[in-house]
Amino acid sequence: MIRGGRSYVTSPPSFSNDAKKLLVCTGNTVSVFSAATGLQITSLEGHTAPVTTLIVVPASTPAQKILCYCWTASLDGTIRHWDFSGPELLKTIDAQLPIYSMVIPSLLSEPQQIDKRRELSGKLVAFVSVEDISVVNEGSKELRGHIRRFNLAKPRVPRGDTLKETAEPESIVISPSGEFFGICHKCKIHIWDIPSGGSRHAVSRKMTLHHTKVINAFAFHPTERVIAAGDVTGRVLIWRGFGNRKLALGNQKKKVRATVDLDNPGVRGEDDTESCTTWHWHSAEVNVLNFSSDGAYLYSGGREGVLVVWQLDTGKKKFLPRIGSPLLYFVWSPDPTLSSVVCADNQIHLLKMPSMEILRTISGIKTPPSLPRMYEGLASTVAFDRSSGIAALCTENYCVQLYNLLNDRGISEIQVCERNHQPGDEITVVVTAVALSLDGSVMSTTEVKLPEDGIGGLVSLKFWASEPDSKTFTLSTIVYEPHRDARVSAIAFHPTRSMAVSTSFGGDFKIWVCNSDKKQTDKDSSWICHAVGSYKKKPMTAAAFSGDGTVLAVAAENVITLWNPYKNILLSVLGTTLTPVTKLCFAGKSEFLVSASHFPRPELSVWNTSKLSLSWSYGLRIEAVTSAVDSSAFAVLAVIPKSFKTDESNENIFRGRDGAILLFNGSDPKPVSIWTVIKAKGGSISFLEGDKSQLRLAYVNGSREYVVFDPNSDESHERSAVDYDSLTGLEETGDAGYTSLYGQLPDYDKKRMEDVDSLATPFISSERPWETIFSGSTLNFPPLQKLCAEFFESLMEKRTAVVE
Amino acid sequence: MEEELRVRLNDHQVSKVFPVKPKSTAKPVSKSETPESRYWSSFKNHSIPNLVSSVSALAFSPVHPYSLAVAHSATVSLFSSHSLSSSRRFSFRDVVSSVCFRSDGALFAACDLSGVVQVFDIKERMALRTLRSHSAPARFVKYPFQDKLHLVSGGDDGVVKYWDVAGATVISDLLGHKDYVRCGDFSPVNDSMLVTGSYDHTVKVWDTRVDKSKWIAEINHGLPVEDVVYLPSGGMIATAGGNSVKVWDLIGGGKMVCSMESHNKTVTSLCVGRLESAESRLVSVALDGYMKVFDYGRAKVTYSMRFPAPLMSLGLSPDGSTRVIGGSNGMVFAGKKKLRDVVEEKKSLSLWSVRSQVDETRRRALRPTYFRYFQRGQSEKPSEEDYLVKEKKGLKLTRHDKLLKKFRHKEALVSVLEEKKPANVVAVMEELVARRKLMKCVSNMEEGELGMLLGFLQRYCTVQRYSGLLMGLTKKVLETRAEDIKGKTEFTGLLRNLKREVNQEIRIQQSLLEIQGVIAPLMRIAGRS
């Protein structure tokens, strides 16, 4: 079982001391990438919840540069100390509260001071931002975010003393010199100084800066008392000489007092700064602020995806434009010629400084494009190459990203529309669908140019031929307005020949063939229309080829029409469904045809095409359907209805999971296996048939995290329990879903109730402890609520056993 | 304003500059060029106009410099085949019907419609011999391939005469044709074998060594024979009659090998051409204005070219560098191609080496006092083992791309309208639609610019490729700028034209619908059966 597609951008990355490695928080693990190649070297595994903070212990002497120690803090409430060259876990400190942010000031101070301090008190002070979960249940008005001080040197940390309470846990920013730290909270910045004395009870002094807008980010100057803050409107504020009164060091106190009475330009109220200046260039919120190491420049960035370099003295600007995605973090490396900028589309760019060239990019799986309202649920933005395990994903910047699911690595990007994406602009061009042929040699995309004021709309269909060497696709054919001005609703490829079908809401479908059948070179290949068909002028909403390619099923709203794709002859019409069909899929090479519809009433139906009749149907909302090529197995991704989820007793079963993958076998209406998943909306599933003839199921969820697993083996559950237990995102609960689901199959509920014990046997192996729950007559069954709770208990027991 | 801007693109830049490109159009389905069609189309056109009437015959001298004899009305003009300039004229009493060079190229014979065959030295005005015997117009005259003493002629009296040129006497009358004799050719392998073609549909093979005899063989073409040629092997002949060309095997007993019937009108002349690969092709011209190249080995027409006049005669120079075709309107369509001359190349090479030596000495003499000193080495070419550092190619941006890049949308639209390339204008408009700025541009346009836009819309809004966008835009422009357009005199003409265009388009659409109405039931019936 393989998990991947995790976000690289949940928290800032960090360079190692020799600037050759980049540590990135990826869910529950920390991944270590090589800065030279951009490939992953290793990962630190151990946390059981997302890692939120990553601090590399800086080297104080050149000799220490090879040391690879880091601290991590996570939402699971532990702080861990690692040697990431190993990788090896050195120490675990249980803080007992979810940690959202952590700073360790003494690591940044002068080396001799550290040594002195360590000798003196043998302690390492950390300031953490935690969420006080004890107050959660009492009411939402409580201040849940706490800033606390911990001593990391002691093996067991008591509840540290609380410095500040806020409504939500905030992230802590520390000055590069390690003298100050602070948080921004709404329109204020709270700053503390760090007591330099060794005394344990020395209280940090605090000051506050005010602004009229919500502050998003701020940064400390490395040497001077200067703070830069960015707000939601795009202003950058520079406060100079903060804390001369309140945070002044003892011996300077009197000297500074004299300047207090002077007029401080731009300073709000009683704020303790000398001056405040405002720079305004960003048009949208500022997310990134960072001073250069010598303090001469300020780097800022925000939603518009432009990195701006301000010369601090003059306010002159330089730009790295067109990064194409909102910036989230900007991180310096110990090597002054290297820095990295992190974008919201899951990309980490390594920059060569000071020319700001992008050296290379560590590319995670890209986020799904935000679609206009009318396309929600209609676009199919993920396609799978079944043999190689590569997924083609539409991205926001009009590209298709090829992502290897088995290696968890981006391969390449193909620009579908020749446009640049500017975050924040109105969306005028949408890539609505991507499809891959079964052998992965041809890709097809459709895009819609939305009209302005009713003019200038354009639909185009593109066929791409793969270039096996470079793992990318080149444009083979563009078809403008393939169905006049009507939108393309679906594209499907023939399983064996180079033939494709596109259906449109305009009431017709077209069969396209590639003329490279005659053994021409790839360059000459082009796709031409082979046939056009329509059925009573009804909008065509979905299409699928049968396993051997002799039958083409096209859904014309409520009916399913079967065609001979070669001769374009209507073979027969399958009866009507209640609602328009949105998805069609043949169950492997069998005669069964799966159809799904979801508006206004969701329905999953299986038709027997040889008898031309409905076999069975469920009232489930289906997000995706896939079928295996060789067997008659097929899997659907169903969204669990809200009404069912909000049910008191089921809430703890699903624990935020909103979907389920159901694996069926041919005509059998009883699912073989069920897995519950999170973020099923916008998700996609597909069978992968690797060269080992091993059938695997890939699931990509709505936020593009994915899992690849073997649907037939039980082993994967246990492996996952050990390797990947309770990762964020997807979580397996084995067969738990069935019991939870069978209550919500309205059509077949009553009939199936009798079969429950026979249902249970095929997919639950004998050694499982919960087997007994289902034995006996259904009449003797306990009520559902009770059954589920019991069932889950048994499952929990088993898990702990495995972990230990 | 600067015309072009080159933008250096960084390799790792996340986003790129995408110039506005017009939509690609469908490529024609024509087959790619074959080497043969490339050969035949590589003749560069040189027309010789100014000849008074129909060019009835053409002949090339068999020896270098392959001078060309053109028979038109009562004149034979000699041209040099290099420059295609006229060098000498010979006049006749009547219209010249045929002309032929002797094997050494020193003499040529020509016959005219008065029935006289005359032999000229190409350097002298007066005829050397005048052969009178034909009682009707003479139609062809031919020298054998090697023999310098005899020639053969035929005419409307149906008699083929074999002449002794020196004595100006007929050696033998070859009798047998029942109608006008129009053409004939000597065998390339045997100087006494010849074929003649006549309007009695037959081609007869004669042997001049057998005195007063009948023909050796006879072939029936089926139509009046216009031309006949021996193919280079000497065993086969090709005949032209009506709109068909047929190839016959003489040795195999006069069987037809293949026939080519792709001409639409009477084929007037045949010629054997030789490709660079030394393969032979049969070239034919006809009254339909087409020249066709026929590969008789594969029975396939490999090249076809159209000329703007009915074609009467054809000639290909022996070295393959010149192709001339005579038209019925007095035009000679000549085509020349450059031949690779090995000797010349060598000469130029030696010249180069001399010059480079001169360069060498000069370079050594360069001093910083001379400006070339500072330019030295700039034109140096890399040698083979040098490692080339390639400069990245900049992206060329047009003016409207540059303006679009600066968000000067209206100016971009105006500048592309000035260019008068409709595909580009539509591409810019589509880009503006994608930026949601097209209507704003239209509402911001000044009067002159609006006139330009209306002119463009009037011309192209009914063009099928653009109408999807332009029809809607036209309507919007007229709606939004109604008050600006209304009273102005300069727009009235434009609007009138626009209205006319639209009305015409509506009419076309209606008639198309009518046609569709007629066809639809037929299709339905056809589909049912």
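Two exercises on helix packing and nonpolar cores in a predicted model follow.

In this predicted model, local features need pLDDT of at least 70 and side-chain atom pairs count only at pLDDT 80 or more, whereas totals for chains, interfaces and linings use all residues. Residues are numbered from 1 along each chain as its sequence is written, chains are lettered from A in the order in which they are written, and side-chain values use heavy atoms, without hydrogens and water.

**Exercise 1.** Describe how H5(B) packs against H8(B).

*Solution.*
1. Helices are DSSP runs (H or I, at least four residues), numbered from the N terminus. H5 spans residues 409–419 of chain B and H8 spans residues 447–460 of chain B.
2. Their axes lie 10 Å apart, at an angle of about 55 degrees. This angle makes H5(B) oblique to H8(B) (under 35 degrees is roughly parallel, over 145 roughly antiparallel, 65 to 115 roughly perpendicular, the rest oblique).
3. B:Lys410, B:Val414, B:Leu417 and B:Glu418 of H5(B) meet B:Glu449, B:Met452, B:Leu453 and B:Phe456 of H8(B).
4. By class, this contact has 5 nonpolar, no polar and 3 charged residues.

**Exercise 2.** Identify which residues touch the most other members of the largest nonpolar core, and which helix gives the most to this core.

*Solution.*
1. A nonpolar core joins buried Ala, Val, Leu, Ile, Met, Phe, Trp, Tyr and Cys residues through side-chain atoms within 4.5 Å; buried means under 20% relative accessible area (1.4 Å probe, protein chains only).
2. Among the 37 residues of this core, B:Leu413, B:Met429, B:Phe456, B:Leu470 and B:Leu473 touch the most other members.
3. H6(B) gives the most to this core, with 7 residues.

Definitions and conventions. Axes fitted to C-alpha atoms, helices over the stretch in contact; angles between N-to-C directions. Helix = DSSP H or I, 4+ residues; strand = E, 2+ residues; numbered from the N terminus. Contact = heavy atoms within 4.5 Å. Nonpolar A, V, L, I, M, F, W, Y, C, P; charged D, E, K, R; others polar. Buried < 20%, exposed > 50% of the residue type's maximum accessible area, 1.4 Å probe, protein only.
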